[in-house]
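Here's a quick tour of one protein model, with a few backbone oddities, some empty space and a helix pair to look at. Have the structure open as you read.

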Amino acid sequence: MKRLVVIGFLGTVLDNGGKGSSRWERWRPTVSLCQHPELLVHRMELLHSTRDRGLASRLINDIATVSPETEVRRTEINLRDPWDFEEVYTTLHDFARHYPFDTEQEDYLVHITTGTHVAQICWFLLTEARYLPAQLVQTSPPGKADELRGGMAASSPGRYSLIDLDLSRYNQIASRFQREQAETVSFLKAGIATRNAAFNRVIEQLERVAVRSTAPILLIGPTGAGKSFLARRVYELKRNRHQLQGRFVEVNCATLRGDSAMSTLFGHVKGAFTGAQQERAGLLRAADGGLLFLDEIGELGLDEQAMLLKAIEEKRFFPLGGDREVSSDFQLIAGTHRDLRQRVVNGQFREDLFARINLWTWPLPGLRDRREDIEPNLEFELARLADETGHQVRFNSEARQHYLRFACSSEALWPGNFRELSASLTRMATLAESGRITLDVVEDELARLRFMWGGVQAQDRAHALLGDAADLLDLFDRLQLNSVLDICQRSRSLSDAGRQLFAQSRQDKKSSNDADRLRKYLARFDLQWGDVAGK
C-alpha cells in the first residue's frame with residue numbers, strides 16, 4: 001500500500017491547547033487527524049512560522065504520543081501578511097513546485113482546516129490546478145453523538161472528510177453539469193433543435209471553449225450562414241456568466257478601405273488626415289472589456305492586419321497619426337468565407353496573424369448543407385417575428401408541408417443561406433391574413449424565390465458566393481465570373497465544366513488539362529469546385 005502524507009499549516013489557535021494536561025481535553029485538528037485508526041498517516045508536513053517553533057515542538061510530541069508511526073517534518077514559512085492573497089499564493093506555489101512528490105509510492109492529503117481563510121483558498125486553487133497531486137481533507141470537532149459514544153469530547157478525534165476535486169465522480173454534480181452544458185448549447189443555438197450532426201458537433205465544442213477560454217475564435221462559412229448571430233450568442237453567454245462586462249462590437253471588414261479602415265478600427269488623433277477635425281476612439285477601444293466580431297477578416301488590408309496582430313497580442317496599439325499607445329482588452333471572434341490559408345500563400349493575409357487567430361477554428365455549413373435544419377428554423381423564425389410584431393402567425397398544415405418540400409429540395413439554392421430563409425418567412429408572415437400562411441401565400445413566395453434565383457443563376461452568382469467582396473470586382477471580372485459559375489452549376493463535374501469553357505482554345509493545344517485550368521481560375525477568387533458545383 002502507498003504511504004499517506006498530510007500537508008497542512010500549524011493552527012496557531014485551534015492547535016494551541018496549552019502546555020498542561022488540559023490540552024488533551026480540547027480538540028486539536030492536526031493531532032486529531034493522526035488519531036483515526038483507519039487513516040494511518042505516515043508523514044505530516046507541518047508548515048509554521050519561526051515564532052511558532054515552541055507550539056510546533058509540543059504538537060510533534062503529542063502526535064508521537066497518539067501515533068508513533070507518524071513522522072513529522074517541519075517547514076518554516078514566514079509570511080509578512082498571512083492575509084495577503086498574492087503573498088500566500090506565491091509562497092505555497094513555490095512550496096508545491098519544489099516539493100519532491102512521489103505519486104507512485106505516496107498518496108497526499110492537504111489539510112484545509114488550519115491556516116487563515118486565504119491559505120485555505122490558496123490550498124484549494126493549487127490542488128484544483130494539480131500543482132498539488134492531492135485530495136483535500138477537512139476535519140471537524142466531535143459532535144454530540146461522538147460525546148455520547150466516547151463519554152468525553154476529548155476521547156473522540158472528531159471527524160474528517162475527503163474532498164475529491166474530480167467532479168466527474170460525483171453523480172449528482174456530474175448530472176447537473178451535463179444539464180447546464182446542454183442548456184448552454186441550446187442557448188448558443190437560440191433554442192433551435194438543430195438536426196445537422198456536423199453543426200451540432202461544432203456548437204458543442206464551441207460551448208466548451210467559449211466558457212473556458214479567452215483566445216480568438218475563427219468562424220468560416222458563406223454569407224448568411226450565421227457567423228454574426230453565433231458571435232453575438234457567445235458574447236451573451238459570456239456576459240451572463242460575468243466573464244465580459246464590455247460591449248459587443250461588430251464590423252464588416254469588407255467595407256473598410258484606406259485611412260477609413262485604420263480610423264474605424266484603431267481610432268485617430270486630431271489632424272491625423274484631412275478632415276480629422278477631432279479625435280476618434282475607434283472600434284477596438286469601444287470593445288474594451290467586451291467582444292469584437294470582425295466579419296470578413298480576410299478583406300482587411302495588410303497594414304491593418306499588422307496593427308490588429310499587435311492589438312490582439314499586446315492589448316495595446318497606436319491610433320492613426322498618434323505617437324502614444326492606447327489600450328483595449330477585448331476578446332476576438334473573426335468570421336470569413338475565404339480560404340485564409342490560400343490567401344496567406346498568395347500574400348494577401350499575414351501568416352503570423354492567421355496563426356494567432358487559428359487556434360479555435362470552426363466551419364459553419366451553409367443552408368444547402370443543412371437542409372434538415374430548415375424545419376426547426378421555421379418555428380424559430382415565426383416565434384421571432386411574433387416577438388417583433390406582436391402578432392402570432394402559423395402555417396396551414398398543407399401550406400407548411402408544401403413549403404418544406406420545396407425548401408429542402410435540390411431546386412432550392414438558398415444562396416443567402418439562413419438570412420434568406422428568414423427573409424422568405426418574413427414576407428409570408430407579412431402577407432398572411434388572419435395569422436395563417438395559406439397554400440396561396442406559399443405558392444406566391446415560391447414563385448418569387450424561383451424568379452430571384454433565376455436571376456442569381458443568370459446574373460449574379462458571384463455575389464451569392466463571395467458576398468460583399470463581389471462588389472469590389474471590376475465589372476469585366478464580375479460578368480466573366482458569373483458566366484463561369486453558371487456553366488459550373490449546370491455541369492456534372494469539374495472536367496465537364498472545363499471542356500465546355502475551353503472548347504476552342506483546346507484545339508490549339510497538343511495537350512490540355514481543362515479541369516486544372518478551371519481550378520486555377522476559381523482559385524483566383526478563393527473558390528473551389530465544391531463551392532460552385534450544382535447540388
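## Two odd phi values

Let's start with Asp526, which is buried, with a relative accessible area of 8%. This is a predicted model, so keep that in mind throughout. You'll find Asp526 in the loop between α21 and α22. Its backbone is the unusual bit: Asp526 isn't a glycine, yet its phi is positive, at about 60 degrees. For background, most residues other than glycine have a negative phi.

His242 pulls a similar trick, as a non-glycine with a positive phi of about 65 degrees. This one sits in the loop between α8 (227-240) and β8 (248-252). Is His242 buried or exposed? His242 is exposed, because its relative accessible area is 65%, and the cut-off for that label is over 50%.

## A helix pair

Now for some packing. Helix α20 (residues 494-501) packs against helix α21 (residues 514-523) at an angle of about 90 degrees, and the two axes are 8 Å apart. That angle makes α20 roughly perpendicular to α21, because anything from 65 to 115 degrees counts as such.

Which residues make the contact? On the α20 side they are Leu494, Ser495, Ala497, Gly498, Arg499 and Leu501, while α21 brings Asp514, Ala515, Leu518 and Arg519. Sorted by class, the contact of α20 with α21 comes out as five nonpolar, two polar and three charged residues.

## The largest pocket

If you're hunting for open space, the largest pocket holds about 830 Å³. Its lining is made of 36 residues, and the closest to the pocket centre are Gly221, Pro222, His337, Leu465 and Asp531. Several elements give two or more residues to that lining: β7 (217-220), α12 (340-345), β13 (360-363), α18 (461-466), α19 (475-489) and α22 (529-532).

What is the lining like by class? The largest pocket is lined by 18 nonpolar, nine polar and nine charged residues.

## The cavity

How many cavities of 30 Å³ or more are there? The count comes to one, and the volume of the largest cavity is about 30 Å³.

Lining that largest cavity are Asp15, Gly17, Gly18, Arg23, Arg28, Leu55, Arg58 and Leu59. By class, the cavity lining divides into four charged, two polar and two nonpolar residues.

## Glu381 and Thr103

Two more residues are worth a click. Glu381 belongs to helix α14 (residues 374-389). With a relative accessibility of 8%, Glu381 counts as buried, since the label applies under 20%. Setting aside neighbours within four places in sequence, Glu381 is in contact with Ser422 and Leu425.

Thr103, for its part, is in the loop between α3 (85-98) and β4 (106-111). Thr103 is partly exposed, at 42% relative accessible area. Again leaving out neighbours within four places in sequence, the contacts of Thr103 are Lys2, Tyr108 and Pro133. For a sense of scale, try a distance: the C-alpha atoms of Thr103 and Glu388 are 61 Å apart, with their positions 285 residues apart along the chain.

Note on methods
Residues numbered from 1 in each chain as written. Predicted model: local features only at pLDDT ≥ 70, side-chain atom pairs only at ≥ 80, totals over all residues. Heavy atoms only, no water. Axes fitted to C-alpha atoms, helices over the stretch in contact; angles between N-to-C directions. Helix = DSSP H or I, 4+ residues; strand = E, 2+ residues; numbered from the N terminus. Parallel < 35°, antiparallel > 145°, perpendicular 65-115°, else oblique. Contact = heavy atoms within 4.5 Å. Nonpolar A, V, L, I, M, F, W, Y, C, P; charged D, E, K, R; others polar. 1 Å grid on protein atoms, 1.4 Å probe; cavity = no way out; pocket = protein on both sides within 12 Å on 5 of 7 lines; lining within 4 Å. Points joined across faces, edges and corners; volume = space filled by probe spheres on them. Buried < 20%, exposed > 50% of the residue type's maximum accessible area, 1.4 Å probe, protein only.
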